[in-house]
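Reader: I would like to go through a few features of this structure. Please show the sequence and model before we start.

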Amino acid sequence: MSQLTHLDGDGRARMVDVGGKPETVRTAVARGRLVTTPAVVALVRADDLPKADVLATARIAAISGAKKTSELIPLCHPLPLTSLTVEFELDADAGTIEVEVTAGTTGRTGVEMEALTAVAVAGLTLHDMVKAVDPAASMTDVRLIAKSGGKHGDWRRPGDEDAPSAAREPEPSTAHPSSRFPAIVIVSSTRAASGERADTTGPIIAAWLAERGLPADVRVVADTDIASALREAVAAHPAVVLTTGGTGVSPSDRTPEATAAVLDRELPGVAEALRARGLASTPLAAVSRGLAGVAGDTIVVNLPGSHGGVADGLATLDDLLAHLVDQVRGTAEHRS
(Lines give C-alpha, C1' and ligand atoms only; values in the text may rest on other atoms or scores of the structure.)
Protein backbone atom coordinates (compact mmCIF):
# COMPACT_ATOMS: atom_id res chain seq x y z
CA MET A 1 0.00 0.00 0.00
CA SER A 2 1.50 3.31 -1.09
CA GLN A 3 -0.97 5.82 0.33
CA LEU A 4 -2.63 6.66 3.61
CA THR A 5 -6.18 5.31 3.61
CA HIS A 6 -7.45 7.87 6.12
CA LEU A 7 -6.84 10.80 3.74
CA ASP A 8 -9.03 11.69 0.78
CA GLY A 9 -7.79 13.00 -2.57
CA ASP A 10 -7.46 16.49 -1.12
CA GLY A 11 -5.47 15.36 1.89
CA ARG A 12 -8.35 15.72 4.34
CA ALA A 13 -9.03 13.23 7.12
CA ARG A 14 -11.83 10.76 6.44
CA MET A 15 -13.31 7.59 7.89
CA VAL A 16 -12.73 4.73 5.45
CA ASP A 17 -15.92 3.29 3.96
CA VAL A 18 -15.99 -0.41 4.91
CA GLY A 19 -19.62 -1.00 3.96
CA GLY A 20 -18.74 -3.16 0.97
CA LYS A 21 -16.38 -5.46 2.85
CA PRO A 22 -17.51 -8.92 3.99
CA GLU A 23 -17.80 -9.67 7.69
CA THR A 24 -15.02 -12.00 8.82
CA VAL A 25 -13.61 -13.19 12.12
CA ARG A 26 -10.69 -10.92 13.00
CA THR A 27 -8.15 -10.99 15.80
CA ALA A 28 -5.24 -8.82 16.86
CA VAL A 29 -2.47 -9.20 19.43
CA ALA A 30 -0.66 -6.18 20.88
CA ARG A 31 2.01 -5.82 23.54
CA GLY A 32 3.70 -3.17 25.65
CA ARG A 33 6.12 -3.00 28.57
CA LEU A 34 6.08 -1.07 31.84
CA VAL A 35 9.69 -0.40 32.86
CA THR A 36 10.06 0.18 36.60
CA THR A 37 12.29 -1.32 39.30
CA PRO A 38 12.68 -4.87 40.64
CA ALA A 39 11.36 -3.67 44.01
CA VAL A 40 8.16 -2.32 42.44
CA VAL A 41 7.56 -5.53 40.50
CA ALA A 42 7.98 -7.47 43.74
CA LEU A 43 5.41 -5.20 45.40
CA VAL A 44 2.98 -5.72 42.50
CA ARG A 45 3.44 -9.48 42.70
CA ALA A 46 2.80 -9.40 46.44
CA ASP A 47 -0.15 -6.99 46.02
CA ASP A 48 1.57 -4.78 48.59
CA LEU A 49 1.23 -1.30 47.10
CA PRO A 50 -0.88 1.52 48.63
CA LYS A 51 -3.23 1.15 45.67
CA ALA A 52 -4.00 -2.56 45.88
CA ASP A 53 -5.27 -4.96 43.19
CA VAL A 54 -2.82 -3.48 40.68
CA LEU A 55 -3.12 -6.09 37.94
CA ALA A 56 -6.86 -6.58 38.33
CA THR A 57 -7.39 -2.83 38.04
CA ALA A 58 -5.16 -2.61 34.96
CA ARG A 59 -7.04 -5.47 33.32
CA ILE A 60 -10.42 -3.81 33.86
CA ALA A 61 -9.04 -0.52 32.55
CA ALA A 62 -7.71 -2.26 29.42
CA ILE A 63 -11.09 -3.83 28.68
CA SER A 64 -12.82 -0.50 29.20
CA GLY A 65 -10.27 1.27 26.98
CA ALA A 66 -10.76 -1.24 24.18
CA LYS A 67 -14.51 -0.69 24.26
CA LYS A 68 -14.01 3.09 23.97
CA THR A 69 -11.44 3.02 21.16
CA SER A 70 -13.72 4.62 18.58
CA GLU A 71 -14.37 7.48 21.02
CA LEU A 72 -10.65 8.06 21.60
CA ILE A 73 -9.27 7.56 18.07
CA PRO A 74 -11.30 9.85 15.78
CA LEU A 75 -11.31 7.80 12.57
CA CYS A 76 -11.83 4.34 14.10
CA HIS A 77 -15.08 2.50 13.43
CA PRO A 78 -17.10 1.33 16.45
CA LEU A 79 -16.63 -2.44 16.69
CA PRO A 80 -18.58 -5.14 18.54
CA LEU A 81 -15.82 -6.91 20.46
CA THR A 82 -16.44 -10.64 20.76
CA SER A 83 -13.48 -11.32 23.04
CA LEU A 84 -10.67 -9.53 24.79
CA THR A 85 -7.99 -11.05 27.03
CA VAL A 86 -5.38 -9.15 29.01
CA GLU A 87 -2.30 -10.97 30.28
CA PHE A 88 0.72 -9.86 32.32
CA GLU A 89 4.24 -11.22 32.67
CA LEU A 90 6.19 -9.98 35.67
CA ASP A 91 10.00 -10.04 35.52
CA ALA A 92 11.33 -9.00 38.91
CA ASP A 93 14.97 -9.27 37.81
CA ALA A 94 14.47 -6.90 34.87
CA GLY A 95 11.99 -4.69 36.69
CA THR A 96 9.40 -4.98 33.92
CA ILE A 97 5.74 -5.87 33.50
CA GLU A 98 4.82 -7.07 30.01
CA VAL A 99 1.24 -6.49 28.88
CA GLU A 100 -0.33 -8.57 26.12
CA VAL A 101 -3.85 -8.06 24.78
CA THR A 102 -5.68 -10.31 22.34
CA ALA A 103 -8.81 -8.77 20.83
CA GLY A 104 -11.42 -10.41 18.63
CA THR A 105 -14.39 -9.31 16.57
CA THR A 106 -16.55 -10.42 13.68
CA GLY A 107 -16.83 -7.43 11.37
CA ARG A 108 -15.77 -5.52 8.29
CA THR A 109 -12.62 -3.92 9.67
CA GLY A 110 -9.71 -4.94 11.84
CA VAL A 111 -9.46 -4.90 15.62
CA GLU A 112 -5.81 -3.76 15.85
CA MET A 113 -6.57 -0.36 17.35
CA GLU A 114 -8.69 -1.89 20.09
CA ALA A 115 -5.82 -4.18 21.08
CA LEU A 116 -3.28 -1.34 21.00
CA THR A 117 -5.55 1.00 22.95
CA ALA A 118 -6.12 -1.67 25.59
CA VAL A 119 -2.35 -2.13 26.01
CA ALA A 120 -1.79 1.63 26.30
CA VAL A 121 -4.58 2.09 28.84
CA ALA A 122 -3.33 -0.88 30.87
CA GLY A 123 0.14 0.70 30.90
CA LEU A 124 -1.18 4.09 32.00
CA THR A 125 -3.14 2.41 34.77
CA LEU A 126 -0.08 0.48 35.91
CA HIS A 127 1.85 3.77 36.01
CA ASP A 128 -0.89 5.36 38.08
CA MET A 129 -0.81 2.44 40.50
CA VAL A 130 3.00 2.46 41.00
CA LYS A 131 3.82 6.17 40.69
CA ALA A 132 3.80 6.70 44.45
CA VAL A 133 6.91 4.51 44.77
CA ASP A 134 8.38 4.97 41.27
CA PRO A 135 7.36 8.19 39.48
CA ALA A 136 10.03 7.45 36.82
CA ALA A 137 8.25 4.30 35.59
CA SER A 138 7.61 4.36 31.85
CA MET A 139 5.43 2.48 29.35
CA THR A 140 7.39 1.52 26.24
CA ASP A 141 7.24 -0.60 23.09
CA VAL A 142 3.47 -0.49 22.54
CA ARG A 143 3.20 -2.39 19.27
CA LEU A 144 1.06 -4.70 17.17
CA ILE A 145 2.35 -8.28 17.24
CA ALA A 146 -0.06 -10.12 14.97
CA LYS A 147 -3.42 -9.88 13.27
CA SER A 148 -5.67 -12.16 11.25
CA GLY A 149 -8.81 -11.97 9.14
CA GLY A 150 -9.90 -9.65 6.35
CA LYS A 151 -8.50 -9.28 2.83
CA HIS A 152 -4.84 -9.40 3.86
CA GLY A 153 -5.17 -12.53 6.02
CA ASP A 154 -2.58 -13.30 8.69
CA TRP A 155 0.27 -10.96 9.57
CA ARG A 156 3.02 -11.36 12.18
CA ARG A 157 5.43 -8.65 13.25
CA PRO A 158 8.92 -9.40 11.87
CA GLY A 159 11.27 -10.40 14.65
CA ASP A 160 8.46 -11.49 17.00
CA GLU A 161 7.72 -14.84 15.36
CA ASP A 162 9.22 -16.80 18.23
CA ALA A 163 8.42 -14.39 21.02
CA PRO A 164 6.54 -16.20 23.80
CA SER A 165 3.08 -15.07 24.78
CA ALA A 166 2.93 -13.28 28.10
CA ALA A 167 2.14 -15.65 30.95
CA ARG A 168 -0.92 -15.07 33.04
CA GLU A 169 0.04 -13.17 36.17
CA PRO A 170 0.02 -14.96 39.52
CA GLU A 171 -3.13 -13.36 40.91
CA PRO A 172 -6.06 -15.43 42.18
CA SER A 173 -8.19 -16.57 39.26
CA THR A 174 -10.90 -19.11 38.54
CA ALA A 175 -9.07 -20.06 35.34
CA HIS A 176 -6.61 -22.94 35.29
CA PRO A 177 -3.03 -21.63 34.83
CA SER A 178 -2.63 -23.57 31.58
CA SER A 179 -5.71 -21.94 30.02
CA ARG A 180 -5.20 -18.93 27.81
CA PHE A 181 -8.95 -18.18 27.86
CA PRO A 182 -11.34 -18.56 30.82
CA ALA A 183 -13.95 -19.90 28.36
CA ILE A 184 -14.01 -21.66 25.00
CA VAL A 185 -16.92 -21.66 22.55
CA ILE A 186 -17.06 -24.47 19.98
CA VAL A 187 -19.34 -24.02 16.99
CA SER A 188 -20.15 -27.35 15.30
CA SER A 189 -21.06 -26.42 11.73
CA THR A 190 -19.56 -27.94 8.62
CA ARG A 191 -20.84 -25.10 6.43
CA ALA A 192 -19.43 -22.38 8.68
CA ALA A 193 -16.11 -24.21 9.00
CA SER A 194 -15.80 -24.44 5.21
CA GLY A 195 -16.68 -20.76 4.73
CA GLU A 196 -20.02 -21.41 3.00
CA ARG A 197 -21.75 -19.23 5.55
CA ALA A 198 -20.70 -16.93 8.37
CA ASP A 199 -20.91 -18.15 11.94
CA THR A 200 -23.19 -15.88 13.96
CA THR A 201 -23.95 -17.93 17.08
CA GLY A 202 -20.34 -18.14 18.32
CA PRO A 203 -19.87 -14.37 18.63
CA ILE A 204 -23.22 -14.07 20.44
CA ILE A 205 -22.17 -16.65 23.03
CA ALA A 206 -18.69 -15.09 23.37
CA ALA A 207 -20.17 -11.63 23.96
CA TRP A 208 -22.50 -13.07 26.61
CA LEU A 209 -19.58 -14.77 28.37
CA ALA A 210 -17.41 -11.63 28.19
CA GLU A 211 -20.14 -9.63 29.93
CA ARG A 212 -19.85 -12.13 32.79
CA GLY A 213 -16.07 -11.84 33.08
CA LEU A 214 -15.26 -14.90 30.95
CA PRO A 215 -13.52 -13.83 27.72
CA ALA A 216 -13.82 -16.68 25.26
CA ASP A 217 -11.97 -18.20 22.34
CA VAL A 218 -14.43 -19.09 19.55
CA ARG A 219 -13.57 -22.16 17.50
CA VAL A 220 -15.61 -23.13 14.43
CA VAL A 221 -15.23 -26.77 13.42
CA ALA A 222 -16.84 -29.22 11.02
CA ASP A 223 -19.34 -31.65 12.53
CA THR A 224 -16.87 -34.51 12.04
CA ASP A 225 -14.22 -32.66 14.07
CA ILE A 226 -16.31 -31.94 17.17
CA ALA A 227 -14.83 -34.81 19.20
CA SER A 228 -11.22 -33.70 18.75
CA ALA A 229 -12.19 -30.07 19.29
CA LEU A 230 -13.84 -30.91 22.60
CA ARG A 231 -10.87 -32.98 23.78
CA GLU A 232 -8.49 -30.14 22.93
CA ALA A 233 -10.71 -27.56 24.65
CA VAL A 234 -11.07 -29.57 27.86
CA ALA A 235 -7.31 -30.23 27.91
CA ALA A 236 -6.75 -26.47 28.16
CA HIS A 237 -8.67 -26.44 31.48
CA PRO A 238 -10.89 -23.37 30.90
CA ALA A 239 -13.61 -22.66 33.43
CA VAL A 240 -16.34 -23.14 30.81
CA VAL A 241 -16.76 -24.81 27.42
CA LEU A 242 -20.01 -24.03 25.60
CA THR A 243 -20.83 -25.77 22.33
CA THR A 244 -23.47 -24.81 19.80
CA GLY A 245 -24.83 -27.05 17.07
CA GLY A 246 -24.84 -30.77 16.42
CA THR A 247 -27.41 -31.68 19.10
CA GLY A 248 -30.19 -32.94 16.81
CA VAL A 249 -30.83 -36.32 15.23
CA SER A 250 -29.36 -35.94 11.74
CA PRO A 251 -26.51 -38.35 10.88
CA SER A 252 -23.94 -35.56 11.19
CA ASP A 253 -25.08 -34.40 14.67
CA ARG A 254 -22.39 -35.81 16.98
CA THR A 255 -21.97 -33.21 19.72
CA PRO A 256 -23.70 -35.18 22.55
CA GLU A 257 -21.61 -38.29 21.85
CA ALA A 258 -18.40 -36.24 21.76
CA THR A 259 -19.40 -34.49 24.98
CA ALA A 260 -20.23 -37.74 26.81
CA ALA A 261 -16.72 -38.97 26.01
CA VAL A 262 -15.04 -36.11 27.90
CA LEU A 263 -17.39 -35.74 30.88
CA ASP A 264 -16.51 -37.06 34.32
CA ARG A 265 -19.96 -36.26 35.73
CA GLU A 266 -23.18 -35.35 33.96
CA LEU A 267 -25.50 -32.56 35.09
CA PRO A 268 -28.85 -33.90 33.81
CA GLY A 269 -30.82 -31.19 35.60
CA VAL A 270 -29.04 -28.47 33.64
CA ALA A 271 -29.66 -30.23 30.32
CA GLU A 272 -33.34 -30.69 31.18
CA ALA A 273 -33.64 -27.04 32.21
CA LEU A 274 -32.24 -26.03 28.83
CA ARG A 275 -34.78 -28.21 27.02
CA ALA A 276 -37.64 -26.97 29.19
CA ARG A 277 -36.77 -23.36 28.43
CA GLY A 278 -36.65 -24.14 24.72
CA LEU A 279 -40.00 -25.95 24.80
CA ALA A 280 -41.63 -22.71 25.89
CA SER A 281 -40.62 -21.31 22.49
CA THR A 282 -40.88 -24.31 20.16
CA PRO A 283 -41.83 -28.00 20.41
CA LEU A 284 -38.70 -28.78 18.36
CA ALA A 285 -36.65 -28.23 21.52
CA ALA A 286 -37.70 -31.72 22.59
CA VAL A 287 -35.50 -33.12 19.82
CA SER A 288 -32.32 -31.66 21.29
CA ARG A 289 -30.00 -34.29 22.75
CA GLY A 290 -27.66 -31.76 24.35
CA LEU A 291 -25.74 -32.69 27.49
CA ALA A 292 -24.23 -30.76 30.37
CA GLY A 293 -21.62 -31.85 32.85
CA VAL A 294 -18.18 -31.51 34.40
CA ALA A 295 -14.89 -32.51 32.78
CA GLY A 296 -12.17 -32.17 35.41
CA ASP A 297 -12.67 -28.62 36.65
CA THR A 298 -14.42 -27.43 33.47
CA ILE A 299 -18.16 -26.92 32.99
CA VAL A 300 -19.28 -28.25 29.59
CA VAL A 301 -22.73 -27.39 28.20
CA ASN A 302 -24.24 -28.17 24.78
CA LEU A 303 -26.47 -25.48 23.26
CA PRO A 304 -28.58 -25.92 20.10
CA GLY A 305 -27.34 -24.41 16.85
CA SER A 306 -30.24 -22.04 16.20
CA HIS A 307 -30.31 -18.41 17.30
CA GLY A 308 -33.46 -19.04 19.30
CA GLY A 309 -31.97 -22.11 20.95
CA VAL A 310 -28.83 -20.19 21.87
CA ALA A 311 -30.88 -17.31 23.31
CA ASP A 312 -33.00 -19.70 25.40
CA GLY A 313 -29.91 -21.60 26.53
CA LEU A 314 -28.04 -18.48 27.63
CA ALA A 315 -31.12 -17.23 29.47
CA THR A 316 -31.18 -20.52 31.40
CA LEU A 317 -27.45 -20.41 32.15
CA ASP A 318 -27.73 -16.81 33.35
CA ASP A 319 -29.07 -18.12 36.65
CA LEU A 320 -26.76 -21.13 36.88
CA LEU A 321 -23.33 -20.67 35.34
CA ALA A 322 -21.59 -18.54 37.99
CA HIS A 323 -22.73 -20.89 40.75
CA LEU A 324 -21.62 -23.95 38.80
CA VAL A 325 -18.17 -22.50 38.13
CA ASP A 326 -17.77 -21.51 41.79
CA GLN A 327 -18.76 -24.98 42.99
CA VAL A 328 -16.49 -26.82 40.58
CA ARG A 329 -13.56 -24.52 41.28
CA GLY A 330 -14.15 -24.88 45.01
CA THR A 331 -14.82 -21.19 45.82
CA ALA A 332 -18.55 -21.29 46.51
CA GLU A 333 -19.97 -21.49 49.99
CA HIS A 334 -21.78 -24.81 50.15
CA ARG A 335 -25.03 -24.57 52.00
CA SER A 336 -26.95 -27.82 52.30
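Reader: Is Asp318 buried, exposed or partly exposed?

Author: This is a predicted model, where local features need pLDDT of at least 70 and side-chain atom pairs count only at pLDDT 80 or more, while totals for chains, interfaces and linings use all residues. Residues are numbered from 1 along each chain as its sequence is written, and side-chain values use heavy atoms, with hydrogens and water left out. Buried means under 20% relative accessible area, exposed over 50%, and partly exposed in between (1.4 Å probe, protein chains only). Asp318 has a relative accessible area of 43%, so the class is partly exposed.

Reader: Which parts of the chain does the salt bridge between Arg212 and Asp318 tie together, and how many residues apart are they?

Author: A salt bridge is a side-chain nitrogen of Lys or Arg within 4 Å of a carboxyl oxygen of Asp or Glu. Arg212 and Asp318 meet at 3.0 Å, N to O. Helices (H or I, at least four residues) and strands (E, at least two) are DSSP runs, numbered from the N terminus. Arg212 lies in the loop between helix 6 and strand 7, and Asp318 in the loop between helix 10 and helix 11, so the pair ties together parts whose separation in sequence is 106 residues.

Reader: Which strands stand at the edges of the open sheet of six strands?

Author: Two strands pair if DSSP finds at least two bridges between them. The strand order is 7-6-8-11-10-9, with mixed pairing. Each edge strand has a single partner strand, so one side of each is left without a neighbour in the sheet; these are strand 7 and strand 9.
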